[in-house]
Amino acid sequence: MPLSQDTDYFRRLPNSCSGNSERAEIVYDPTYRARWCRILQSREMQPALDVISRFTVRERNVVLRQAPACWPSREEQAPYLKRLN
(Lines give C-alpha, C1' and ligand atoms only; values in the text may rest on other atoms or scores of the structure.)
Protein backbone atom coordinates (compact mmCIF):
# COMPACT_ATOMS: atom_id res chain seq x y z
CA MET A 1 0.00 0.00 0.00
CA PRO A 2 1.46 3.38 -0.91
CA LEU A 3 0.58 5.12 2.38
CA SER A 4 1.11 2.99 5.47
CA GLN A 5 0.79 5.62 8.18
CA ASP A 6 -0.85 9.00 8.65
CA THR A 7 1.24 12.16 8.39
CA ASP A 8 0.47 15.81 9.00
CA TYR A 9 -0.31 16.11 5.27
CA PHE A 10 -1.90 12.73 4.38
CA ARG A 11 -4.58 10.77 6.23
CA ARG A 12 -5.30 7.16 5.33
CA LEU A 13 -8.81 6.01 4.49
CA PRO A 14 -9.83 2.34 4.26
CA ASN A 15 -7.84 0.32 1.70
CA SER A 16 -9.06 -2.85 0.04
CA CYS A 17 -7.77 -5.67 -2.11
CA SER A 18 -9.75 -8.31 -3.94
CA GLY A 19 -9.51 -10.62 -6.91
CA ASN A 20 -9.92 -14.22 -7.97
CA SER A 21 -7.74 -15.56 -5.15
CA GLU A 22 -8.93 -17.86 -2.39
CA ARG A 23 -8.09 -15.16 0.14
CA ALA A 24 -6.92 -11.53 -0.04
CA GLU A 25 -6.11 -9.42 3.00
CA ILE A 26 -4.19 -6.30 3.94
CA VAL A 27 -1.45 -7.01 6.46
CA TYR A 28 0.80 -4.69 8.48
CA ASP A 29 4.48 -5.19 9.31
CA PRO A 30 5.36 -3.11 12.39
CA THR A 31 9.12 -3.50 11.81
CA TYR A 32 9.01 -1.62 8.51
CA ARG A 33 5.72 0.22 9.20
CA ALA A 34 4.42 -1.05 5.87
CA ARG A 35 1.09 -2.43 4.67
CA TRP A 36 0.63 -4.76 1.71
CA CYS A 37 -1.94 -7.04 0.16
CA ARG A 38 -1.32 -10.74 0.79
CA ILE A 39 -3.18 -13.30 -1.31
CA LEU A 40 -3.61 -17.06 -1.31
CA GLN A 41 -3.68 -18.12 -4.95
CA SER A 42 -4.02 -21.58 -6.47
CA ARG A 43 -1.42 -22.39 -9.11
CA GLU A 44 -4.02 -23.31 -11.72
CA MET A 45 -5.59 -19.86 -11.95
CA GLN A 46 -4.30 -16.80 -13.78
CA PRO A 47 -3.92 -14.25 -10.95
CA ALA A 48 -6.06 -11.11 -11.00
CA LEU A 49 -5.84 -8.54 -8.21
CA ASP A 50 -7.50 -5.17 -7.61
CA VAL A 51 -5.98 -2.89 -4.96
CA ILE A 52 -7.74 0.30 -3.89
CA SER A 53 -5.81 2.77 -1.75
CA ARG A 54 -7.69 5.83 -0.49
CA PHE A 55 -6.43 8.88 1.38
CA THR A 56 -7.13 12.56 1.97
CA VAL A 57 -4.72 15.48 1.88
CA ARG A 58 -4.60 18.66 3.89
CA GLU A 59 -4.36 21.78 1.78
CA ARG A 60 -1.71 24.23 2.90
CA ASN A 61 0.66 26.87 1.59
CA VAL A 62 4.37 26.65 2.28
CA VAL A 63 7.35 28.85 1.66
CA LEU A 64 10.12 26.80 0.03
CA ARG A 65 13.62 27.68 1.08
CA GLN A 66 16.83 25.93 1.97
CA ALA A 67 16.27 23.78 5.05
CA PRO A 68 18.85 22.06 7.23
CA ALA A 69 19.48 18.42 6.36
CA CYS A 70 17.29 15.98 8.21
CA TRP A 71 18.84 12.53 8.62
CA PRO A 72 17.19 9.50 10.24
CA SER A 73 18.59 8.40 13.58
CA ARG A 74 20.57 5.16 13.92
CA GLU A 75 17.51 3.56 15.55
CA GLU A 76 15.36 4.52 12.54
CA GLN A 77 17.98 3.18 10.09
CA ALA A 78 18.65 -0.12 11.94
CA PRO A 79 15.76 -2.26 10.54
CA TYR A 80 16.73 -1.36 6.96
CA LEU A 81 20.45 -2.01 7.41
CA LYS A 82 20.16 -5.47 9.00
CA ARG A 83 21.95 -8.25 7.13
CA LEU A 84 19.69 -10.99 5.84
CA ASN A 85 20.90 -14.51 6.54
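This is a conversation between a student and a tutor about reading a predicted model of one protein chain.

Student: Let's begin with the overall fold. How many helices and strands does the chain have?

Tutor: Counting the secondary structure elements is a good start, and here there is one helix and six strands. Next, put them in sequence order: the pattern runs β-β-β-β-β-β-α. The overall spread comes after that. The radius of gyration is 18 Å, well over the 12 Å that the globule rule gives for 85 residues, so the chain is more spread out than a compact globule.

Student: What does the C-alpha trace span along its principal axes?

Tutor: About 55 × 40 × 20 Å.

Student: And what share of the residues counts as buried?

Tutor: For burial, we ask whether a residue has under 20% relative accessible area. Of the 85 residues, 11% pass that test. The chain exposes about 7800 Å², and carbon and sulfur atoms supply 52% of that area.

Student: How do I read the contacts between residues that are apart in sequence?

Tutor: Take the contacts between residues at least 6 apart in sequence, then ask what part of them joins residues at least 24 apart; in this chain that part is 54%.

Student: Now the charged side chains. How many salt bridges are there?

Tutor: The idea is to look for a Lys or Arg side-chain nitrogen within 4 Å of an Asp or Glu carboxyl oxygen. By that rule the count is four. One of them pairs R12 with D6, whose closest N and O atoms are 3.6 Å apart. R12 is partly exposed at 28% relative accessibility, and D6 is partly exposed too, at 44%.

Student: Which residues are linked in a network of salt bridges?

Tutor: R23, E25 and R38. E25 meets R23 with an N to O distance of 3.8 Å, and E25 also meets R38, at 2.8 Å. That second pair links distant parts of the chain, with E25 in strand β3 and R38 in strand β4, 13 residues apart. As for exposure, E25 has 26% relative accessibility and counts as partly exposed. R23 is partly exposed at 46%, and R38 is partly exposed at 42%.

Student: What about polar contacts? Which side chain does the side chain of N15 make a polar contact with?

Tutor: For a polar contact, check the distance between a pair of N or O atoms, with 3.5 Å as the limit. The N15 side chain makes such a contact with the side chain of S53, at 3.2 Å. N15 is found in the loop between β1 (10-12) and β2 (16-19). Leaving out residues up to four places away in sequence, N15 touches M1, I26, I52, S53 and R54.

Student: Backbone angles next. Which residue has a positive phi although it is not a glycine?

Tutor: Look through the phi values for a positive one, and then check the residue type. Here you will find R33, with a phi of about 50 degrees. R33 lies in the loop between β3 (23-29) and β4 (34-40), and its relative accessible area of 40% makes it partly exposed.

Student: Last one: which residues make the nonpolar surface patch?

Tutor: To find a patch of this kind, join nonpolar side chains that have over 30% relative accessible area and lie within 5 Å. In this model Y32, Y80 and L81 make a nonpolar patch of about 340 Å². Y80 sits in helix α1 (residues 74-81) and is partly exposed, with a relative accessible area of 48%.

Methods:
Residues numbered from 1 in each chain as written. Predicted model: local features only at pLDDT ≥ 70, side-chain atom pairs only at ≥ 80, totals over all residues. Heavy atoms only, no water. Patch = residues over 30% accessible without salt bridge, like charges linked within 9 Å, V, L, I, M, F, W, Y side chains within 5 Å. Areas by Shrake-Rupley, 256 points an atom, 1.4 Å probe, with all protein chains shown as cover. Helix = DSSP H or I, 4+ residues; strand = E, 2+ residues; numbered from the N terminus. Buried < 20%, exposed > 50% of the residue type's maximum accessible area, 1.4 Å probe, protein only. Rg over C-alpha atoms; globule rule 2.2 N^0.38 Å. Contact = heavy atoms within 4.5 Å. Polar contact = N/O pair within 3.5 Å; in protein donor to acceptor, adjacent residues only side chain to side chain.
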